[in-house]
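Here is a short report on the model shown below. It covers the strand pairing, the contact between the two copies and the surface near the DNA.

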There are 2 protein chains.
Amino acid sequence: MSDITGEMIKDRISEFIDRSKNLGLKVTPQRIAIYKELASTDQHPSTETIYKKIKDYYPNISLTTVYRTLETFEKLGLISVVNVLYNAARYDANLEPHNHIVCTECKRVEDVYDDSFTTLDISDKTLGDYQIKGYSVLLNGICKDCRSN
Amino acid sequence: MSDITGEMIKDRISEFIDRSKNLGLKVTPQRIAIYKELASTDQHPSTETIYKKIKDYYPNISLTTVYRTLETFEKLGLISVVNVLYNAARYDANLEPHNHIVCTECKRVEDVYDDSFTTLDISDKTLGDYQIKGYSVLLNGICKDCRSN
DNA sequence: TCTTTAATGATATTGATTACTATTTTCCAA
DNA sequence: TTGGAAAATAGTAATCAATATCATTAAAGA
């Protein structure tokens, strides 16, 4: 949306601290740094990218901490992961229009045939400067098998 | 949709061979095996999974070949990759409803605010046995920078 | 069949992520 | 305010996914 101001970041961080306390998460300087880095950008950075940025002013932070912390935040809903299925490339020979639902536990992917997903209108405003190739709707949830385990 | 029958697979493979020839791709037993494996399932397998299956009856196929071949097929549109953004986890601290557009060249991710994407109706039929957590619309294309390079 | 050129296999390397463990820190209760 | 239990961190090793390299092999048209 609009640019992220310093004021907004401060607000986000104090809200983050409150939410952490409510969730029983200990508030550490590493966690604040990681959250701050992520809340200060709309670039959807990777773990490595966040790590490198923090390194500049917090040279002995551990990469492991960044990985672990982002996972913790994500599980608690403090942040979100853009790409649920980031572990490995997954392929499909079925070229007819359809979409997918993924189980966030076991990473199983199943087909979804729903016309309302395959016929979305995409406005020029939405496209921005991109030359569009396509789009996909990815539902995520927990499958029957994983719920019963 | 429905189950994949042996007849359907044969059809898909001969169509695949035709398309390969038209595209100037050499038709090798490895390529046929890889395509066949993928066309015979609706499980959206990873490279490793396909490799292991083929190993059973084609023991000296190389994992590298499977990687390379799937990439080739995908670039030519013979198959598709379910998860464009599979290289590394990407995070977002912005929890307000929005979606994303990704550049398939440089993997940059940008926010998309489009109400028609954030208010999709999800039918029970679509959900199947899943306990839904959410969904995302991911547009993909080529950004301005990558087009000009 | 011959030849060109693409494709393959094997291996090494890189990059992303997770596992492990000793040490340190947070934060609550005394 | 301080002591201590529990949680978090740092550092390193190990694993898993993907790519690079290169010598060898195979496909397909002349």
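Two strands count as paired if DSSP finds at least two bridges between them. In this predicted model, Val102(B) stands opposite Asn140(B), a residue of E5(B). The strands concerned are E3 (residues 99-103) and E5 (residues 131-142) of chain B, which pair in the parallel sense over four bridges.

**The sheet**

That pair belongs to an open sheet of six strands, ordered E4(A)-E3(A)-E5(A)-E5(B)-E3(B)-E4(B). The pairing in the sheet is mixed. Strands pair through backbone hydrogen bonds, in either the parallel or the antiparallel sense. Which strands stand at the edges? They are E4 (109-112) of chain A and E4 (109-112) of chain B. Each has a single partner strand, so one side of each is left without a neighbour in the sheet. From one strand to the next, the twist averages 30 degrees.

**A second link between the chains**

Strand E1 (residues 80-81) of chain A is joined to strand E2 (residues 91-92) of chain B by two bridges. These strands run antiparallel. Here Val81(A) stands opposite Tyr91(B) in E2(B).

**Symmetry and contact**

Chain A can be laid on chain B by a turn of 180 degrees and a shift of 0.0 Å along the axis, with an RMSD of 0.1 Å. The two copies are thus related as by a two-fold rotation axis. The contact takes 58 residues from chain A and 58 residues from chain B. On the side of chain A that touches chain B, strand E5 (residues 131-142) of chain A gives the most, with 12 residues. The copies meet through the same surface, because 100% of the interface residues of chain A are also interface residues in chain B.

**The surface near DNA strand D**

There are 26 residues around DNA strand D. Nearest come Gln30(A), Ser62(A), Thr64(A), Thr65(A) and Val27(B). Four helices give two or more residues each to this surface: H2 (29-39) and H4 (63-76) of chain A, and H3 (47-57) and H4 (63-76) of chain B. H4(A) gives the most, with four residues.

The table lists the classes of residue on the two surfaces.

| Surface | Nonpolar | Polar | Charged |
|---|---|---|---|
| Side of chain A that touches chain B | 30 residues | 16 residues | 12 residues |
| Surface near DNA strand D | eight residues | 12 residues | six residues |

How values were computed: Residues numbered from 1 in each chain as written. Chains lettered and ligands numbered in written order. Predicted model: local features only at pLDDT ≥ 70, side-chain atom pairs only at ≥ 80, totals over all residues. Least-squares fit on C-alpha atoms with pLDDT ≥ 70 in both. Contact = placed C-beta atoms within 7 Å. Near = placed C-beta within 6 Å. Nonpolar A, V, L, I, M, F, W, Y, C, P; charged D, E, K, R; others polar. Axes fitted to C-alpha atoms, helices over the stretch in contact; angles between N-to-C directions.
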